[in-house]
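Grab a pencil and work through the exercises below with the model open beside you. Each one has a task and then a step-by-step solution.

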Amino acid sequence: MVLSDLGAQITGAFRKLNTAPIIDDELLDEVLKEIASALLHADVNVRYVSELRSNVKKRVLLETDAGGVNKRKLIQKAVVEELVRLVSADKKPYKLEKGKCNVVMFVGLQGSGKTTTCTKYAHYYNRKGWKTALVCCDTFRAGAFDQLKQNASKVRIPFYGDYNETDPVKIAEEGVQLFKKEKYDLIIVDTSGRHKQEQALFDEMQQINEVVAPDDVVFIMDSHIGQACFEQAKAFRECVNVGSVIVTKLDGHAKGGGALSAVAATNSPIIFLGTGEHFDEFQTFDPQSFVSRLLGMGDLKGLFQSITEAMPLDKQPELLNKIAKGKFSLRDLYEQFQNLQKMGPMGQIMQMIPGMSQLMPQGAEKEGVKRIKRFMVMMDSLTDDELDCVVQMGDTRKLRVAKGSGSSPYEVAQLLEEYKRMEKMVGKMGKSGLFGKGGDMSQLQRNPGQVMQKMQSAMDPRMLQQMGGAGNMMKMMKEFGKMDGGAGGGGMAGMMEGMGGMGGLGGIDPAQLAQMQKMMGGMGGGGMPGMPAPKRGGRR
């Protein structure tokens, strides 16, 4: 993914800034030149790059003259804020309302991934408990209806279309009316792909827009066409009221910078990014979070949201009480695996934790997810007593589970080793009293020094170093406390348990870790099955 290269280059420029003994105008020019070069290489419009350099220089000059400022931090902050401004739009996206029939019309260029994105969009809200439906109005492209039908069937979402009807306006009207009668929360209308030179198709799009009266019009932008996005998006906006944008195909060799910056120029906010062909490779877009992840600074806001979505607040008290008591069963491990799967692609989750994106080689998360699924199949063969750890898992039981799940006794033994390590970590957390009674984080405010000491003793030192040390962990915990809105820190405790499920936070012995890595075929053996061990040395 080329955007990750952009992040690495900008981070490299920041590193040069941090290691320099003196910050003068010459060094500032050199750092800004490197950042500008990286942005231009990522296909960002030269005018926006020039504005960014100019604005950063002005701000640094103005605030330095005031005195009493850290010039390094000031330059970094100015660059980050300008990058956020580059991918932001003044206009706010339409907010969908659950319980009301929200009609969203998708428009875009031919081959931009519009039909697949419609399904991803429907699947995203369907997983959140919304009643979603799809309407195929693409009568122009052969196979469009079959594609939508297959996609909708895979994610079990109802759809409407007609092989025999050639009028897309009629299909749109009938489909929307049908799903409105059945009181669907979200009705997605997929239109034919078109470009600004095809006036007939633009007229058709306007007719569909008038008939269905959508609450929001989403423009699908292909990141591969770069700065050409600007003219196309502008043409669509002049035809219909484009409310928001989804940028697709950011997983390939597309530079992406042209598309992202062109969106800001059209004043239509980006709401999602398509990062792959699979239906769960679909990320919500927040300018601040995007830039933060791009530069390897993590995204605590996104992480908190993912955790609370995977584990609703009403289900947390029972888990927090178990953590506080140091109790953990195979059934709890199974539930944590389920929660991890709900949180989305593991690589995306790792990017949200500051410093953690470096720990997982590209593609390794897919192997980790495969191992989780294998473990879950084995656990499906366990009895209730075995899941609740009421009985001991002897050789006979292991053999039965192996046969029932189509695995080997060695793989079952690996599962049990993983469980024992997790149980030990939870027991350690419970005995330490880190979460207080009932799992609250009140100790964080009362005695932060003691909490930090407990965190250091409970975590793998190399992992702690990669995450910026105990001080950075304290900062993360405080931020989560703020996001909880004073709800006793339940979300933070849930996060800690979730991170326990992701692994590497349980004080693993390095020798044992290396041995487990060999056993797992070089994929590493952190807490999350398949997650690689931290890189040796702690520095890149």
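**Exercise 1.** Which residue in β4 does Val135 stand opposite? Use the answer to work outwards through the sheet.

*Solution.* Bear in mind that this is a predicted model.
- Step 1: look across from Val135, and you find Val189 of β4.
- Step 2: zoom out to the strands. Residues 132-136 form β2 and residues 186-190 form β4, and the two pair in the parallel sense over 5 bridges.
- Step 3: place that pair in the whole sheet. The sheet is open, has 8 strands and runs β3-β2-β4-β1-β5-β6-β7-β8, with mixed pairing.
- Step 4: check the ends. β3 (159-160) and β8 (282-284) each have a single partner strand, so one side of each lacks a neighbour in the sheet.

**Exercise 2.** Find what packs on the sheet: which strands does helix α6 touch, and which does α8 lie across?

*Solution.*
- Step 1: start with α6, residues 144-155. This helix touches β2, β3 and β4, and its direction makes about 165° with that of β2.
- Step 2: that angle is over 145°, so α6 counts as roughly antiparallel to β2.
- Step 3: move on to α8, which lies across β1 (102-108), β4 and β5 (216-222). Its direction runs at about 175° to β1.

**Exercise 3.** Describe how α8 packs with α9: what are the angle and the axis distance?

*Solution.*
- Step 1: get the geometry. α8 (residues 199-212) and α9 (residues 229-239) pack at about 45°, and their axes are 10 Å apart.
- Step 2: classify the angle. It makes α8 oblique to α9.
- Step 3: add the hand, which is right-handed for this crossing.
- Step 4: list who does the touching. α8 brings Phe202, Met205 and Gln206, while α9 brings Ala235, Phe236 and Cys239.
- Step 5: sort the contact residues by character, and you get 5 nonpolar, 1 polar and no charged.

**Exercise 4.** Hunt for odd backbone angles: where do Asp43 and Cys389 sit, and what is the phi of Asp43 and of Cys389?

*Solution.*
- Step 1: recall the background. Most residues other than glycine have a negative phi.
- Step 2: Asp43 isn't a glycine, yet has a positive phi of about 75°. Look for Asp43 in the loop between α2 (25-41) and α3 (46-66).
- Step 3: Cys389 isn't a glycine either, and its phi is positive at about 60°. Cys389 is in the loop between α17 (384-387) and α18 (395-405).
- Step 4: check exposure. Asp43 has 24% relative accessibility, so it counts as partly exposed. Cys389, at 32%, counts as partly exposed too.

Conventions
Residues are numbered from 1 along each chain as its sequence is written. This is a predicted model: local features need pLDDT of at least 70, side-chain atom pairs count only at pLDDT 80 or more; totals for chains, interfaces and linings use all residues. Side-chain values use heavy atoms; hydrogens and water are left out. Helices (H or I, at least four residues) and strands (E, at least two) are DSSP runs, numbered from the N terminus. Buried means under 20% relative accessible area, exposed over 50%, partly exposed in between (1.4 Å probe, protein chains only). Axes are lines fitted to C-alpha atoms, for helices over the stretch in contact, and angles run from 0 to 180 degrees between N-to-C directions. Angles under 35 degrees count as roughly parallel, over 145 as roughly antiparallel, 65 to 115 as roughly perpendicular and the rest as oblique. A crossing is left-handed if the near helix is turned anticlockwise from the far one by less than a right angle, and right-handed if clockwise. Contact means heavy atoms within 4.5 Å. Ala, Val, Leu, Ile, Met, Phe, Trp, Tyr, Cys and Pro count as nonpolar, Asp, Glu, Lys and Arg as charged, and the others, Gly among them, as polar. Two strands pair if DSSP finds at least two bridges between them.
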